[in-house]
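Hi,

Here is the structure I promised to pass on. Have a look at it first, then read my notes below.

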Amino acid sequence: MVRVSVVVTTKNNASIIRKCLDHIYDQKFKNFICNVADDGSTDETLQIVKSEYPDTKIFECEECLGPAYNRNIVLEKSNEEFVVFIDSDAFIDRNWIDQAIHKMEMEKSIGLIGGKVYDYHTDKIQSIGGQTYFGGTVWLEDCHIDDKRAQIKEKLCHWLPSSTFMMRTHVAKDIGGFDSDYGYLYEDTDISWRVWLAGYKVLYFSSLESVHMMSATASSTYSHSRRQFMSKRNKMVTFLKNLEWVTLIRFSPIILMVVLVELIILKPKAAIFMGNIDPFLNFKKIFKKRKEIKKFRKITDKEIVTFFVSDHWKVIKRCIGGNLKFNSSLLKRN
């Protein structure tokens, strides 16, 4: 029988960890190992897991290096065919694992699969898969989702949110797992991107439903300034390491324009500036990451840009509140 490793990342989530684990242990599919990677909790999170969920394997990650690093610790020890990554503020439907396995068993080309994510507070759809914008921001297709788009049964997309998705374990390991330098933010975009580069598909499958509280851990762990820094840094790193040189050069004017707009509009400016500059100050590390990707890369940028937003100015306007007017056709990709 197929075996699954479930990886839950948590930090000071005593108030919600029961709800997350209850949904996992209530799964129709039972042949799984549940792992909790704790990022140095100081509340009762670990006591709850140890006393109430004794079958759960606990990884105490006391270095507090964030979810990307902690997921890799568990991934390295996982030998099951599939691995499911779940945030502690995400709650999966009881058929989630069973249906995900069935779909991935039917289509061997799928390397990563996820589904429809509902917002815990509003009950509205939070995600049905994402596109990527060459300027460096990520656009969830469903930010103003309509009923027609919400009825899509399945589709290939560039990335899926790591609040809940499943990967083939060997694929996750072959591409190096999550980039542990990210800590928080963009790690899901990055690993999904590398799944594509390795020759596998990223599939949104609507039968997989979950509910996500969104940033329940991050908002209490990182200051606004730190989140802005990590967002801009990780965004830039994602582009510098995954895009081919010719693509980077071609779209560098757009990337630089967005950086300028961010510095003018967003705050705190120091965090935004340093976040964008930091990857260039550590370019030696970027080169190393590019070399690692080159070892497993099987497709070119031309084969993946169909998953990128084509109307760049539309996204820029959304980022700055829609206060600027411009002819978007000037920035459309042919």
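To start you off: is K50 buried, partly exposed or exposed? K50 is partly exposed, with a relative accessible area of 47%. Here buried stands for under 20% relative accessible area, exposed for over 50%, and partly exposed for what lies in between (1.4 Å probe, protein chains only).

Before the rest, some housekeeping. This is a predicted model, where local features need pLDDT of at least 70 and side-chain atom pairs count only at pLDDT 80 or more, while totals for chains, interfaces and linings use all residues. Residues are numbered from 1 along each chain as its sequence is written, and side-chain values use heavy atoms, with hydrogens and water left out.

How sure is the predictor? The pLDDT (its confidence in each residue, from 0 to 100) averages 88 over the chain, and 86% of the residues score at least 70. Over residues 322-334 the pLDDT is below 50, and this stretch has 19 contacts in the model beyond near neighbours in sequence. A contact means heavy atoms within 4.5 Å.

Back to K50, which forms a salt bridge with E60, the closest N and O atoms being 3.4 Å apart. A salt bridge is a side-chain nitrogen of Lys or Arg within 4 Å of a carboxyl oxygen of Asp or Glu. E60 lies in strand 3 and K50 in helix 2 (residues 45-52), so the pair ties together parts that are 10 residues apart in sequence. Helices (H or I, at least four residues) and strands (E, at least two) are DSSP runs, numbered from the N terminus. E60 is partly exposed too, at 43% relative accessibility.

The salt bridge count comes to 20. Another one joins E105 and K108, with the closest N and O atoms 3.3 Å apart. E105 is partly exposed at 33%, whereas K108 counts as exposed at 52%.

The pair I'd look at next is D179 and K289, whose closest N and O atoms are 3.0 Å apart in a salt bridge. D179 lies in the loop between helix 6 and helix 7 and K289 in helix 12, so the pair ties together parts that are 110 residues apart in sequence. Both D179 and K289 are buried. They also belong to a network of salt bridges that links D179, D181, D190, R194, K241, K285 and K289.

You'll meet some of these residues again in the second largest pocket, which holds about 290 Å³ of space. It has 17 lining residues, and the closest to its centre are G176, D179, K241, K289 and E292. (A pocket is an open set of points on a 1 Å grid over the protein atoms alone, where a 1.4 Å probe fits, with protein on both sides within 12 Å along at least five of seven lines; lining residues have an atom within 4 Å of a point.) Helix 12 (residues 283-296) gives the most to this lining, with six residues.

Finally, some backbone oddities. Most residues other than glycine have a negative phi, and most peptide bonds are trans. C64, in the loop between strand 3 (57-60) and helix 3 (67-77), has a positive phi near 55°. L185 has a positive phi of about 85°. The peptide bond from K267 to P268 is cis, with omega near -5°.

Cheers

Note on methods: pLDDT is the predictor's confidence in each residue, from 0 to 100. Grid points are joined across faces, edges and corners, and a volume is the space filled by probe spheres set on the points.
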